[in-house]
Amino acid sequence: MSCSLCDLPNPDPPVTADDVDGDFCCRGCLEVQRRLGDEAEAALEENEAGPDIGAESVPEGREQEFLAVDGMHCSTCEVFVESLARDVEGVDAVEASYASELARVVYDPEAVDSDALPDRLSGYGYEAHDPEETVEDDGSDVVRFLIGGGFFGMMAMLWYILFLYPTYFGYQPVVDFGGLDFTYIAANIWAFTSVVLFYTGFPILRGAYVSLRSWRPNTDLLVSLAAVGAYTYSTLAMLLGRSELYFDVTIAVVLVVTAGTQYESRIKRRASDLLSELTQQQVAEAVRHPSGERVDVSAVGPGDQLLVRPGDRIPVDGTVVEGSAAVDEALVTGESLPRSKRPGDEVRGGTVVTDAPLVVRAGEEVTSTLDRIVELLWGIQSARPGAQRLADRLATVFVPLVVLVAGVTTAWLLASGATPTAALLTGLTVLIVSCPCALGLATPLAVAAGTRTAAEANVVVATPALFEAAPEADTVVFDKTGTLTTGAMTVLDVAAPTDEESLLARAAALERFSSHPVATAIVDAVEDPPEATDIEEHDRGVSGTVDGETVLVGHPSLFEARKWAVPDDLADRADEIRTEGAVPVLVGQAGRAEGVVAVGDETRPEWAEVAETFADREVVVLTGDEGAAADRLRGDPAVDRVFAGVKPAAKAETVRRLRADGTVAMVGDGSNDAPALAEADVGIALAGGTRLATEAADAIVVDDDLRSVPATFDIASATNRRIRTNLAWAFGYNAVAIPLAVAGLLNPLFAAAAMASSSLLVVLNSSRSLR
């Protein structure tokens, strides 16, 4: 049986309680179910607010494949990519997300070769590939803009400036073309404009096609209607020998909108350069025991014995058969304190052996807990659709309305006896004046400004959805280990009747010979420890000679086993340290304990300052720790709720249930937080954490300073206001300009000038400081 909350295997017997329905894998899952309950789950299912990550969604006889899909940039792309995949025979289900650029494909392995799936989902500017493959930016977008727009666009505009514009106002051309006729000039302009429209404007046209194919009007469709409308009309006018050509409108629309998106992309790439290289967590190789042969993890079979050296990650889930060591499970479980593992104990793939080698027997399924987290993360990311941009949401109503107005106006003029040319020109003017440039620039320029401001504050924006979701956040969920705390063992306190510095120095003299994280914390706290000899390691401690005296350092159980005396006051202090969630380390000499050192994961000093900024939101803490380490946070006045002992899959499900009550932001740093970061409406990762966490997040705090988290919310709110202001300018302009165009008071040339003016207002508004 599996856990009723997170679907992980249950122990025997499972964790249960009389007041909670279901069987659970741990007390953390039981507590989440007790406090959030079935009502939140029912609300989510009713609102379709996310995938059921606990459900077995791959039918028998089918397999699933996760693919990264480059080129998706809006919610209509998701629908289109899904339709491409469903057209492939043997594919049963597809889920795509443009925010994470991931697609999950469920298929029949007998009908479809998994190696062929990427090619079947690629096309129309989309490129599918393995999520673990990194595809380098080839700079094709920049080349497309510079060559197609910069060169051919300027060549076409040169003809307009030297010849057409003067003639429109009754003047002679600026330059004598030596008898070249109008047809030659028009043909050149047409050719140059064709390159701009179909080469530089390809991404816009593709977006319009995808929009039509998906029955979801977007801003790309509105921009394309204006650009293609002006191009088509001008081509027909050229063939009929008319001199009023509006190819310049096509060029202006394509280049202005492309420049805006290019600027946004350049700012985002510059911000991404702030990220340092992050560690790779998944294990690729394993060492067989006793031969020492290195093999690929995929070649490990059930029951194989593997040697794991200090500092290495355990390749797969299994059982210890030889050796004793402390294992750091923070990456996978979120627990801050290392756990001692001995023969017979179970260990998880992805956790780190810290101080001594272990021989591990692979489990029956040869799986890794960390790999399951990665698959869980991909499943959530591919199933959660990206948030539709505000401009695209408005375009779903505005685009059909503009097309309807243009069509009705053209039809009414024809019915009123106007010439076809005059009627079409008025309809075209309505399309051009509908401000596609301002509308197309409103979001990209504001997003670029927000991304640039965030980068100045050492925050990398991974997805523009941050700017629309963060201001709406009702609940902010924090991971504990590595987020609210430093994530590293440090000396928190030293208790000794006499000289505390001397006691800590003697402890460090012996702990230098141990690689246990607790020992490392004590050594780091002393600059110049004395020399030690006759070193002897014990279970949970070490002994030796310091300054001629026998010194023992270790856990209270070691002192009890060696029958060293522990005064009552030190025993009481050791119990208090455990209650506070830290590790007590006794230090003694001559058969008697003389002091105790508290070692633990320290709360970040900036936490109190950060907590004040979230006073108007609910603050929730999720942690893999249990007992005292979690109880310490329950007493924090800034924390509304604490969920302790929560496993990675349960963290994601907890966030999902919290989303039933409103918008949820998640702040974390470890791989165990990645599924929850992906499940949240807003995910913020600390860059000092793991690569998996940063890949799942919407924003990454580069300087690892918790104070940058509220700054991220402030910048997102300011950017959101700027987007709405830009859109208000664009639509306010349309409210005036479209009626004038319908009344025949504007022609395409003046419409283009008015459109340029509105775009300039958006540019100037976006260039203002967000601070």
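Q: Which residues form the nonpolar patch on the surface, with about 340 Å² of accessible area together?
A: This is a predicted model. In it, one surface patch is nonpolar and has about 340 Å² of accessible area in total. Its members are V143, L146, I147 and Y199.

Q: Which helix gives the largest share of the nonpolar patch?
A: I147, a patch member, is found in helix α4. The largest share of the patch, 3 residues, comes from one helix, spanning residues 140-168. That helix is α4.

Q: Is I147 buried, partly exposed or exposed?
A: Buried means under 20% relative accessible area, and exposed means over 50%. I147 has a relative accessible area of 42%, so the class is partly exposed.

Q: How many residues of helix α22 are buried?
A: Helix α22 covers residues 648-658. The buried residues include K651, E653, R656 and R657. The helix is largely enclosed by the rest of the structure, because the buried count is 11 of the 11 residues.

Q: What share of the 771 residues in the protein is buried?
A: The protein has 26 helices and 28 strands. Its accessible surface comes to about 33100 Å², with 52% of that belonging to carbon and sulfur atoms. Among the 771 residues, the buried share is 54%.

Q: Which strands are the edge strands of the open sheet with the order β9-β15-β10-β13?
A: This open sheet has 4 strands with antiparallel pairing. An edge strand pairs on one side only. The edge strands are β9 (305-308) and β13 (346-347).

Q: Which residue in β15 stands opposite L307?
A: Strands β9 and β15 run antiparallel, joined by 4 bridges. Strand β15 covers residues 358-362. Opposite L307 stands V359.

Q: What separates the C-alpha atoms of H289 and Q305?
A: H289 lies in the loop between β7 (285-287) and β8 (294-296). Leaving aside neighbours within four places in sequence, H289 is in contact with Q305, L306, L307, E322 and V359. H289 and Q305 are 16 residues apart along the chain, yet their C-alpha atoms are separated by 5.4 Å.

Q: How many residues lie between β20 and β21 in their hairpin?
A: Strand β20 (residues 541-546) and strand β21 (residues 549-554) run antiparallel, joined by 6 bridges. T545 has T550 as its bridge partner in β21. D547 in the turn has a positive phi of about 55°. The number of residues between the two strands is 2.

Q: Which residue in β22 stands opposite G554?
A: Strand β21 is also joined to strand β22 (residues 583-589). These two run antiparallel, with 4 bridges. Opposite G554 stands L586.

Q: What twist does the open sheet with the order β4-β5-β3-β6 average from one strand to the next?
A: This sheet has 4 strands with antiparallel pairing. Its edge strands are β4 (91-97) and β6 (127-129). From one strand to the next, the twist averages 30°.

Q: What angle does the direction of helix α2 make with that of β4?
A: β4 and strand β5 (residues 102-107) pair in the antiparallel sense over 6 bridges, and A96 has A103 as its bridge partner in β5. Helix α2 (residues 75-86) packs on the sheet, touching β3 (63-70) and β4. Its direction makes an angle with that of β4 of about 160°.

Q: How many residues apart are D92 and R62, which meet in a salt bridge?
A: The structure holds 22 salt bridges. In one of them, the side chains of D92 and R62 meet at 2.3 Å, N to O. D92 is in strand β4 and R62 in the loop between α1 (27-47) and β3, a separation of 30 residues.

Q: How far apart in sequence are the parts tied together by R707 and E609?
A: The side chains of R707 and E609 meet in a salt bridge (3.9 Å, N to O). R707 lies in the loop between β28 (699-701) and α25 (708-742), and E609 in helix α20 (residues 607-613), so the parts tied together are apart in sequence by 98 residues.

Q: Are R659 and E679 buried or exposed?
A: R659 forms a salt bridge with E679, with the closest N and O atoms 3.1 Å apart. R659 is in the loop between α22 and β26 (663-668), and E679 is in helix α23 (residues 674-679). Both R659 and E679 are buried.

Technical notes
Residues are numbered from 1 along each chain as its sequence is written. This is a predicted model: local features need pLDDT of at least 70, side-chain atom pairs count only at pLDDT 80 or more; totals for chains, interfaces and linings use all residues. Side-chain values use heavy atoms; hydrogens and water are left out. Patches are made of residues with over 30% relative accessible area and no salt bridge: like charges are joined within 9 Å, nonpolar side chains (Val, Leu, Ile, Met, Phe, Trp, Tyr) within 5 Å. Accessible areas come from the Shrake-Rupley method with a 1.4 Å probe; for residues, only the protein chains shown count as cover. A salt bridge is a side-chain nitrogen of Lys or Arg within 4 Å of a carboxyl oxygen of Asp or Glu. Buried means under 20% relative accessible area, exposed over 50%, partly exposed in between (1.4 Å probe, protein chains only). Two strands pair if DSSP finds at least two bridges between them. Axes are lines fitted to C-alpha atoms, for helices over the stretch in contact, and angles run from 0 to 180 degrees between N-to-C directions. Contact means heavy atoms within 4.5 Å.
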